[in-house]
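Visitor: I have a structure here that I would like to talk through with you. Could we put it up and go over how its parts pack?

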Amino acid sequence: MEISYPAEAEAFRTRIRSFIESNLPEGWAGIGALDEHEQEAFVAQWRQALADNNLLAVSWPVEYGGGGLSDIEQVVLAEELTRAGLPEGTENDTLGIKLLGNTLIALGTAEQKAEFLPKILSGEHVWCQGFSEPEAGSDLAGLRLKAVQDGDEWVVNGQKTWTSSGSSANWIFAIARTDPTVVKHRGLSFLLIPMDQPGVEVRPIVNAAGYTAFNDVYFTDARTKVVNMVGGVGDGWKVANTLLGFERGIRATTDAIRFGREVGELYELAQARGVDDDPFIRRELAWCHARVHAMRARGLRMLTQLLEGTGSPVSGSYSKAIWSQFFQRYTEVATQILGPAALAPRGQGNAGLLTVAHVGTENSSKRWVDEMLYGRAATVYGGSLQIQKNIIGEAAHGLPREPRLDGGAFQDITAAK
Amino acid sequence: MYFDYDEDQNEFRSVLRQLLAQYADIDRVRAVAETGRIDSDLWAVLCSEMAAPALHLDEEIGGAGFSLVETAILAQELGRTLAPVPLVATAVATEAITLLGSEAQIEAELGPILAGKRIVTTPFVALADVAGAVQADAAGALTGDLDFVPHAIDADAILVGATLPGGGVGVFLVSTSANGVAIDEGDSLDLTRAGSPVQLKAAQGELLGGAAAEPEAMDRVDAIGRTLLAADMVGAARETLSIAVEYAKIRRQFNRQIGSFQGVKHLCSDASIAIELAHPVADWAAMTYGQDEFAANSVLAKYQASEALTVAASNSIQVHGGMGFTWEALPHLYFRRATALAQAYGDANANLQAIYREAATAA
């Protein structure tokens with residue numbers, strides 16, 4: 001067992017570090033040190049720098065305009081960007097490039113690839129995801145967005161919720177119900193829908209932390225061309241699962257980097273608050289350190305398995321369970337450290353980000369209180385902790401599922417009435 | 001970049017499993033456990049056929065020239081089966097002898113230990129901490145009480161740290177048949193790793209290296225104990241979870257398998273997650289044997305593995321319901337192992353204190 005990366009990967013790392021250095025402004029102190037408008041401008045400019053150097057769509061094959069990087073190179077790039085606190089693109093890019101882009105490459109028609117892939121890259125199309133609904137969270141296959149064919153168009157009615165970065169998007173990929181007469185997951189189809197039309201309305205959701213990072217999207221006789229369906233009618237569940245498979249991607253080693261930085265800042269917070277000699281605070285900080293070490297070790301094992309092709313899809317469930325619970329606990333530790341100062345959060349906040357703060361964000365009470373509040377959501381989104389534990393029990397250990405009450409035609413399921 | 005078991009290591013594990021299926025099936029393990037002694041036949045076979053205590057030692061001193069990862073694999077399998085053999089204690093003893101002993105002492109001690117002919121045991125306590133309870137006089141006669149020495153009844157000698165009259169810690173070998181050594185025979189909490197309290201009253205010890213031990217050397221000795229116990233705990237955790245999962249599939253209540261109830265399922269998932277975290281940490285420590293970071297990594301490994309076995313063993317009892325609290329069923333054996341090893345080389349709080357100190361120094 002050994003953990004040094006291959007020489008070519010280290011050479012690539014050196015290239016990336018030098019790319020990063022030469023593309024950052026003088027006196028760069030992290031995105032967190034910029035104000036909101038500067039942040040937006042920086043991310044746009046940074047995206048362009050990535051695109052100019054073929055580092056934007058690194059998981060796409062070269063023939064589609066991608067970087068064609070090997071798995072280990074993608075890992076090294078992700079590590080270096082995480083270390084420097086730089087994004088891989090905009091938040092919409094995660095959905096457009098990594099998720100939808102790879103799905104179109106795998107399952108799209110030649111016309112869809114020709115039409116959409118270049119526009120994802122150029123940023124002309126900005127994508128968001130329409131999966132969850134008020135009545136369909138964990139039970140995603142029970143979704144109700146309805147699509148009915150009318151000539152050469154699909155007419156879409158219903159609502160999507162928890163659509164992240166929906167207000168900055170102009171296209172949405174959504175799963176809709178095209179046939180309620182069959183078993184629920186078989187009656188779904190995958191649609192690409194332009195948002196710039198009267199029938200699509202985006203309304204922000206104010207979350208419990210007071211930020212609007214998510215949206216409701218209302219469809220009232222919204223339309224999209226028939227050629228904008230990915231896969232055939234009834235293939236929606238399969239396409240969606242293919243898409244979600246790309247979510248895992250090359251993140252094995254970045255959690256330890258990002259969380260390691262946070263724990264370091266937690267130590268500094270404890271010192272600043274004068275509680276770093278408290279044995280209970282020390283115990284918590286040590287626990288945090290141990291957890292980061294465990295994530296690092298596990299990350300390298302997962303990376304090995306990714307490179308060797310011996311990995312398992314269930315590893316994503318372990319990852320989610322581990323990091324989301326860790327995030328909750330260390331942000332609780334932050335409030336312990338802050339003590340009564342947490343009751344009046346002041347200073348720079350965490351700008352509505354879901355997890356770790358941008359590099360350069362102040363070690364302020366508001367930053368930590370924002371993170372702590374977001375910690376409550378971490379075990380819910382992206383597959384709740386209970387769902388992940390079910391998956392672990394069933395897929396990793398073969399435990400039997402609970403008896404189901406939602407078989408048969410969707411329209412006959414009682415709850416759907 | 002390869003942080004997983006290679007083909008040879010997987011093959012080694014497979015061979016071990018075959019051997020242990022023959023010599024360490026649960027009925028035999030329990031029968032031997034009843035005696036409170038080690039399984040001498042199994043230890044003899046492991047020493048002669050698997051080079052068990054010699055795996056990670058250099059070939060020049062009679063070792064097999066493999067890495068500590070191989071020894072860790074063996075420790076995992078022994079933990080999995082709860083086979084009552086003194087692998088970990090032996091590894092700590094050989095580490096102390098090779099790091100601290102004079103050439104003559106190494107020559108005299110190592111051969112018989114590696115051949116399985118001589119049993120040298122030690123408490124699973126940091127040497128400097130043992131020295132807090134044991135004093136040596138100028139002639140090397142040791143006085144003090146040891147709360148628990150695994151395999152004491154079977155041992156020819158015990159490795160202990162003792163405070164020297166001039167200051168510092170000396171690491172001694174004390175023959176169990178020496179005057180002044182009283183072994184308090186009786187029941188052990190951990191039925192499959194039995195041991196005894198030992199009182200030393202001016203018992204003559206042999207000082208390894210004839211001088212006080214360097215703290216760094218003692219750290220390395222402690223570290224190998226922690227690392228192999230971490231491997232032991234990972235193996236045991238996986239097995240007790242596996243037993244629980246099997247039970248949850250077989251046992252029916254309310255006309256369905258109890259494992260289909262989310263509450264029961266999640267007891268298994270929680271254990272699985274804890275093991276998923278602990279296993280790579282345990283391997284990381286074994287991988288860094290001989291490096292500067294080994295001692296710090298061993299503390300992280302012991303801490304993480306202890307958490308995993310504690311969760312797995314407790315949850316395994318719970319999944320088994322009433323059966324989990326019978327003598328006859330297996331879960332209590334793993335629970336006893338978990339509770340015993342939680343105290344090895346410092347409990348969780350002590351481990352976290354050490355982790356804090358290390359992290360704060362590095363920061």
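Guide: What follows goes through the interface between the chains, then helix packing, then salt bridges, all of it for a predicted model.

Visitor: Start with the interface, then: how many residues does each chain give to the contact?

Guide: Chain A contributes 44 residues and chain B contributes 41 residues, and the area buried between chain A and chain B comes to about 4200 Å², with carbon and sulfur atoms giving 65% of that area.

Visitor: And how many salt bridges and polar contacts are there across the interface of chain A and chain B?

Guide: The rule finds seven salt bridges across the interface, along with 21 residue pairs in polar contact, where both residues are at pLDDT 80 or more.

Visitor: Which elements on the side of chain A touch chain B?

Guide: Those giving two or more residues are α8 (279–308), α9 and α11 (385–396) of chain A, and the largest share, 20 residues, comes from α8(A). By class, the side of chain A that touches chain B has 21 nonpolar, ten polar and 13 charged residues.

Visitor: What is the N to O distance in the salt bridge of E307(B) and R291(A)?

Guide: The side chains of E307(B) and R291(A) meet at 3.6 Å, N to O.

Visitor: Switching to helices, at what angle do α9(A) and α9(B) pack?

Guide: The angle between α9(A) and helix α9 (residues 262–287) of chain B is about 90 degrees, and their axes are 10 Å apart, which makes the two helices roughly perpendicular. Y318(A), A321(A) and I322(A) in α9(A) meet S272(B), I273(B), E276(B) and L277(B) in α9(B), a set made up of five nonpolar residues, one polar and one charged.

Visitor: Within chain A, how do α7 and α9 cross?

Guide: The axes of α7(A), residues 254–273, and α9(A), residues 315–338, come within 9 Å and cross at roughly 10 degrees, and the helices are therefore roughly parallel to each other. Residues making this contact include F259(A), L266(A) and R273(A) of α7(A) and W323(A), F327(A) and I337(A) of α9(A), and by class the contact has 13 nonpolar, no polar and three charged residues.

Visitor: Back to charges: how many salt bridges are there over all chains?

Guide: The count comes to 42 over all chains, and one further pair to look at is D152(A) with K225(A), whose closest N and O atoms are 3.9 Å apart.

Visitor: Why does that pair tie together parts that are 73 residues apart in sequence?

Guide: D152(A) lies in the loop between β2 (146–150) and β3 (153–164) of chain A, whereas K225(A) lies in strand β7 (residues 214–225) of chain A, so the salt bridge joins those separate parts.

Note on methods
Residues numbered from 1 in each chain as written. Chains lettered and ligands numbered in written order. Predicted model: local features only at pLDDT ≥ 70, side-chain atom pairs only at ≥ 80, totals over all residues. Heavy atoms only, no water. Axes fitted to C-alpha atoms, helices over the stretch in contact; angles between N-to-C directions. Helix = DSSP H or I, 4+ residues; strand = E, 2+ residues; numbered from the N terminus. Parallel < 35°, antiparallel > 145°, perpendicular 65-115°, else oblique. Contact = heavy atoms within 4.5 Å. Nonpolar A, V, L, I, M, F, W, Y, C, P; charged D, E, K, R; others polar. Buried area = accessible area lost by both parts, 1.4 Å probe. Salt bridge = Lys/Arg side-chain N within 4 Å of Asp/Glu carboxyl O. Polar contact = N/O pair within 3.5 Å; in protein donor to acceptor, adjacent residues only side chain to side chain.
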